[in-house]
Amino acid sequence: MSIDRRDFLKALGVAGAATAAGCDYNSPVPIPAPLNFLEDPYVPYEKVLPYVVQDEQVVTGVRNHIATRCDECSAGCGVVASLREGRVTQVEGNAREPISGGNICAKGVAGIQATYSPDRFTGPRRAGQPTTWDEAIQTIGGALKGAVGGIAWLGRPRTGSLGALIGRVLGAGWGRIAMWEPLGPDALRAAVRALWGVENLPTWHLAAAHTVVSFGADFTASWLSPVEHSRGWADSRDPAKGGFVSRTVFVSQRLGSSGVLADVHLSPQLGAEVDVALALAKLVATKRSYTGPAASAFASVDPAAVATKSGISAERLEELAGWLAEHPSAILPGSATDSSDPTALATAVMILNEVCGNIGKTVRFGDEHRVAGFASTEQVRLLLEDCAAGKVKVLFIDDLDPVFNLPTGIDVAAALAKVETLVVFANEENESTVDGAWVLPPGTTVETWGDATARTGHYVVQQQAMRPLHDTRALGDILLGLAKVAGVPTRPPADPATELAVDPAAAVQPAAIMGPDVDAPDYKSWLVAWWRAEVWATHGQPGGDFDSWWVSTLKDGGFFPGVAEAPAPAIAPVAAPTVDGAPAGDGAYTLMVFAHPFLHDGRHANKPWAQEVPEPVSSYAWTTWAEIHPSTAEKLGLTKTDTVKVSANGAEIEVDWFPSKGIRPDVVAVVLGNGKKKGGRYTRYGANPMRLLTAATDRGGAMRFVTTKGSVAKTGKERTNLPYLGSLDQQGRYINYVVSKDDLGTGDKPGSILPHHHPPVDERLTKAGLNDMFPEPNHPTYRFAMAVDLNRCTGCGACMTACHSENNIPVVGPEQFAKSRYMGWIRLSRYWEGDGETPDVRFQPVMCQQCSHAPCEGVCPVLATYHNIDGLNAMIYNRCVGTRYCANNCPYTARRFNFHTYRWPDSFNLMLNPEVSTRDMGVMEKCTFCVQRTREIKDRYRDQGFTVTVPHEALDELTACAKACPADAMVFGNAKVPESTVARQFAEPRAYAMLGELNNKPGVRYLARINHIPSLAHHGGQGEDHGTGSHDPAKSGGDHH
Amino acid sequence: MSQLKRTLMLATPVLASVCAMVLWNSQVQADSPAEDEAFPLATHDLLPHPSGRHVAFGRVDPNEIIEQPIQYSHMLHAGTLNIQCEYCHTMARKSIHAGVPPTETCMGCHKVVDATDRPELEKLKGYWERGEEIPWVKVHDLPDFVYFNHKRHVTAGVQCEECHGQVKETMTVAQRVSSLNMGWCLECHKTHPSVDENYGAQAELRRAEMKDCYTCHK
C-alpha cells in the first residue's frame, strides 16, 4: 500500500473545498461558490494593450533608467528612477552623483509614494472647488498686477533654475521671497556669518575625522546631508579605509537616531552645552597652542566651572580635549531642536572646530551648502506678522505646511486668513491648504523638470521621468504663466543690485535674479537656457557644444565639476556667545522635540512606508511617542503599556512613551511628524507636539524649540500601538557582537570575536577530526551570500524601506502592526546593552539568512521551501499552503506570514514591481536575496554566451538593500569566488554567523561592531561587560515577533 | 487490514484539515477588521466570478476561439504573406515579452492596403485614427507568479512553433495549442536538445539549473 504525496494533496483539496462551501466569510462582498481548482482551473481573461506608437527606447518588460533628483530633503542627492512602461516603480541612488555616492536614504526611497498617493489633488482648486488652470492663472496673475509690494512667497529652499525663476518673477520689485526650511540650519548660518562673514554653510567630511563630536546633530538621519554623512562616518570607523577607528562622542541631552551610535555620551545640564563647547575650545587651544582670533571667545572660560555647571567631570572634558587636540576631528552643532539657544551653540561649536584646526580639513568651505538668501524662522515670523496685519495681498506657499510646522505661538492660520489671495502649491491636502485658498498641484519630482544647486560645484538636474498622473502643472510653468499675465518685464534688470534693493530688516530676500527671458515658452526651455548660461558658459563651455554636453549631463543626472580646494577663510574675533533664556514654565520636565527619521517634520507623514517601517531606535510605527528616561518613568509609575499625557502652555497631548537610557531624567522629548489635523489618510495618527511650544526665536533668527517646561503624567489608558521589537536588549544572548578596538591587530587572530563565541559546530567537529553530518550542499556556480558590517551600520532604515519598494511588501496598517504582523523582510534589530554612562546601542539588520542547512526546509510538508542550486533558501509562494511550520522553526524569525490579503488603494498598484509576485492570505514570505535581480543579471550575462557567468564585481551591490545602504554596510556577492568582496568579508576575523552554533550554515555573515571600550579579553569576555549577564535560558525566547 | 490502514491514513489528515479549516474560519471571522479606506483587507480575492469569461490554465480546448477586437489572421500574415514572426513581435530576442506590436507597425503596411469594404481593416484604421490601444485578449496567459523569458528561449534556438503551434498553417485566429502547465514546461527543460547544443559539457549543470523552481517562479 502506498499513498503518494499527490494523492494526499488531492484528498486535502477535496476536504478543503467541502469545508469552504459550508462556511460564511462574513464579508460585505458576496463570495461566489468556491471552485475546486483541481477540477475547474478557470481564471479571467486578461487583455494586452500594445502601444499605438511605441517609443523606440521602450522595450516592454525591460526597465529603463532615468537619472533625476531627490527632493525629499534639501541635501541635493541625485537618484535614478526605474521605469517600466512609462511608470516609475522605484528610485535608487545615482552612482555618478557625488553626494549620494549611489546610495539613498529611507526618505528618498519612500519619496515615490508621493507620486502614487491616493490623496493627491487631481487638478487645480479654488476655495475647495475644482477649477481650470486658465482661470487660476488669469485670476492670480490679475491679482498680482494690483498687488505690487504686497506680494510674498513662502516656500521651501529652491535653487538652480527654479530659484532663479522665482526670484525673476517675484523678486523684481514685486514682492518678497522667504525660502525657508522648517528645522533648518538657521542657527549655523547665523554663526558662520558672524564668524567668517560667509553666507553659505561649510560641509562636513567625516571620513578623515578620528573623533566625531556631535552636539545633538542627527547627522545620519536629518542633519544637512544625511547620506553623505553616513558614508563618511562609516568610512571613519572602518579600519580598512583610513587605518583608524573613529570615536563618536555626543554632547547632548538626548541620544537620537545618530546619538545612539555614540561611543561616549556626555549629557550636560540644559544650556551648559555651549559652555562645554567653549571649555573644550579652551582646553584644546592650550594643548595646540592656539592663539588665533577666535581665542577671544573663550579667554574668560573656566573649564573647572563649566565642569561643575554642566555636570560633566573635568576629567572627561580633559580626556575629550586630548582626543581633539591629537587627531583631526569633526564637530557638528545640533539643529534648532537640540539646544535652548541654537545660535550660541553653533557659534561655540564652530569656534571649537577652528581651534581644533578642522576648518579646511574636515569642515570645508568651497563645496558649500548653498543657503545664501534663504529666510530664517524669524524672517518667516515677521512675514506672517505682516500677513496678519493685512500688508500681504498675495501669498504663495510652496510645498510647506507652516500651520503644522510652527508652534502655536505664531497663529499662522489667522495670518493666512488675512491674505486676500492665498495660493498654495501642494499635491495633497495639508493644514495650510485652508478653505478659500487656491490650491495648485505642481506635480511630483518624477513628473516634472527641475534642478538644484544645493552645493557649490554641484548641479543636479531633475529629468521628467513619467507623464503626470493628474492634471498638474510644474511650478515653473505656473510661474511663467503668471509672469505673462501679470506683465513681468521680459528682460532681466540691468543692475539687479540697485533695482532690487530691499529693506534688510524685512523678510525680503533677493534671490539670484539673473536668468533668461520670462518669455520662455515653457519651464523646460527656461531650465535649458539657464543651464546654458549659468552652468555651461560659466564652466568654460565644456565639450564646446552645448547640445551634446546637455545630453551627457542628463545621462549623468547633472554636472559635477566640484571645486578646487579653497583656502579657509579667516575667522573674525568674537566675544563669547552667551546663552539666552533658560526653559520656563511650571512643569518639572524640559520639553524637547526631535525630527522623525522618516517623517522628518511631518512632510512625509502621508507615505505608508515612512509610517510603517519601524523607527529604528524605538521600533515604533504609526504613532507619536515621548522619550522618557527609565528612572523618570519609574517615578511616574509608567508601565510598558501606558500612554502619557504631556502638557505645557495650556495644551496637552496624549502620546506613547519609549524608555530611553540616552535622555536626561529631567528632559522629555517628543517626536515630530504625526498628529495632523488635515492631511492624507495615513496622517491621522499620533499628536503634534508643536502645540505645546511657544514661538521664541534666538538672536540668529532660529527657532528656540527648547524653551518650555511641561509636565508629564500617566493617562491610565492602555496603548494600542505596540513596538515591533518586543525586547530592548539581547537578554543575555549572543546575537550581536562587539569587539574592542584594542583587540584589532593583536594576537593570533587579530580582532577575532571567536574567543567570546561558540564556534560553529562544524568547526569544532573538524577540529576533533569528525565529519559534519550536514555537509555544505553542492553549489556549482554561485553561492549567493551577504556580509553586513555592523561597524558601518548606522541603523538608518534605508534597507528596510528599499526592501518594501523592491519586493512589493504589503503595508498592514497600525491595527495589524500592533498584532506583530509587520511584513517587512528585514528586521532592524536594535539592542540597548549595558548600564554604563553611554548606552551601548547595537543595530543589526536581520533578513533571511539563506542557510545551507535550513531548519525551515525540513518541516515544510509541501516542499514550498528548499535549498536551491545558487545557495538560496527558495520560497515558492504558489506552492505554500500556509502551515507556518517554517516560521516556527526559523531561529532568526526571518519569515512573515500573510494573515490577510493586504491591499492598498489602487493608485499604489502602479508602483508594484512586476518581477515579484504579490502574495495573498495564507502564504508565507521572506527575503529571497532579491532573486528577481539575480535572475535578471544572470540572464544579462548569459546573453554574451551561454556559459558566461556573472563576474563577482557585478554582484556587490545587487540587492535592493545593499544598493540603498547609505553607509555601504551591506555587501552581496558570490561566496564561491574567493576574490569577491563578500568572500573577503567572510574571511575577516570580525565575521561571525548569527547563532552559528546551530550549524545552519547561513549565507549571511555579520562583521562585529568595533567599540572603544578597553579590551574585553581582559575583563572576562563580552558577556559580562556588554551583555546583561550570563546566558540565562529562562530569559531567552520571545524576544521578537 | 491494509484497507483499514489506508482508510485511516487518508481519513486522519482529512479530518484534521476539516478541523483546521473550521478553526481557521472562526479565526478569520473573529479577526475580521473594519473596512478602512487606508488599509482595505481582502479575506479572499482569488476566486473568479462565475459570470465572467475565463481562460483555463493547463487545458487545451481545440474548439475554444477567443473573440478578439479584430479578427487578425496569423495564417494570412505569417503564412500566405510569409512575414517573419519577429517582424511584428520585435522584442522576442530582447525581452521577457515577445511583444504585441504597436498599432504603428500594423499601419506601416496598412496605410497602403486598401481597406474599402473590409470591416476588420476599418476597425484597425478606427483604432489608429482615434489613437486608441487595441484591446487584444491574451491567448497565452501565464499565471502572475510565473516568470517566463522569451529572450532566453528564442536565443537558445527554441522555435516559435514549438510552443505556439503551426500559426502559419492553421490559425485564422490565434489559438492555444500547448497546455502551458508546469509539467509541459518541465518536459522541455529536461529533454530539449538545444541544451546540449548550447551548453556542451555544461549541459547537465544547465539542466539542473533549469529544474530549479526559481527558474520560473517568482
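**Exercise 1. Take strand β4 of chain A and work out which residues point which way, and whether they are buried or exposed.**

*Solution.* Start with the two faces. G78(A), V80(A), S82(A) and R84(A) point to one side of β4(A), while V79(A), A81(A) and L83(A) point to the other, and all of them are buried. Keep in mind as you work that this is a predicted model. The alternation fits a general rule: in a regular strand, side chains alternate between the two faces of the sheet. Counting over residues 78-84, 7 of the 7 residues of β4(A) are buried, so the strand is mostly covered by the criterion of 20 or more other C-beta atoms within 10 Å.

**Exercise 2. Find the strands that pair with β4(A), and say in which sense they run.**

*Solution.* Take one partner at a time.

- Strand β3 (residues 64-69) of chain A is joined to β4(A) by 6 bridges, and the two run antiparallel. To place this pairing in the model, look for N64(A), which stands opposite L83(A).
- Strand β5 (residues 87-93) of chain A also pairs with β4(A) over 6 bridges, in the antiparallel sense. Here V79(A) stands opposite G93(A).

Now look at the turn. The hairpin of β4(A) and β5(A) has 2 residues between the strands, and E85(A) takes a positive phi near 45° there.

**Exercise 3. Check the length of helix α5 (residues 160-171) of chain A against its expected span, then describe its surroundings.**

*Solution.* First, the length. The helix has 12 residues, and the expected span is 1.5 Å times one less than that number, which comes to 16 Å; the end C-alpha atoms are 15 Å apart, so the two agree.

Second, burial. 12 of the 12 residues of α5(A) are buried. Among them are the glycines G160(A), G163(A), G167(A) and G171(A), and also R168(A).

Third, the cover. The elements over the buried residues of α5(A) include strands β8 (151-155), β9 (175-179), β19 (450-455) and β20 (458-462), together with helices α17 (475-486) and α19 (523-536), in chain A.

**Exercise 4. Which residues touch the most other members of the largest nonpolar core, and which helix gives the largest share of that core?**

*Solution.* The core holds 299 residues, and L154(A), A277(A) and L280(A) touch the most other members. Helix α9 (residues 273-288) of chain A gives the largest share, 10 residues. Next, follow L154(A) outward: leaving aside neighbours within four places in sequence, its contacts include A178(A), W180(A), V380(A), L383(A), F396(A) and P402(A).

**Exercise 5. S289(A) and F929(A) both have a positive phi without being glycines; decide whether each is buried or exposed.**

*Solution.* S289(A) has a phi of about 50° and sits in the loop between α9 and α10 (295-298) of chain A. With 7 other C-beta atoms within 10 Å, S289(A) is exposed, because the cut-off for that class is 12 or fewer. F929(A) has a phi of about 55° and lies in the loop between β38 (924-925) and α28 (931-942) of chain A. F929(A) has 25 C-beta neighbours inside 10 Å, so it counts as buried.

**Exercise 6. Trace the open sheet with the order β39-β31-β41-β40 in chain A and name its edges.**

*Solution.* The sheet has 4 strands and its pairing is mixed. Its edges are β39 (970-974) and β40 (991-992), each of which pairs on one side only. Inside, β31 (residues 784-789) and β41 (residues 1004-1007) run parallel and are joined by 4 bridges. One pair to look for is D789(A) with its bridge partner L1007(A).

**Exercise 7. Set chains A and B side by side by secondary structure and burial.**

*Solution.* Begin with the elements: chain A has 31 helices and 42 strands, while chain B has 11 helices and 3 strands. Then turn to burial: 57% of the 1041 residues in chain A are buried, against 15% of the 218 residues in chain B. Last, take the contacts between residues at least 6 apart in sequence. Those joining residues 24 or more positions apart account for 75% in chain A and 67% in chain B.

Terms used. Residues numbered from 1 in each chain as written. Chains lettered and ligands numbered in written order. Predicted model: local features only at pLDDT ≥ 70, side-chain atom pairs only at ≥ 80, totals over all residues. Pairing = 2+ DSSP bridges. Contact = placed C-beta atoms within 7 Å. Core = buried A, V, L, I, M, F, W, Y, C linked by C-beta atoms within 7 Å.
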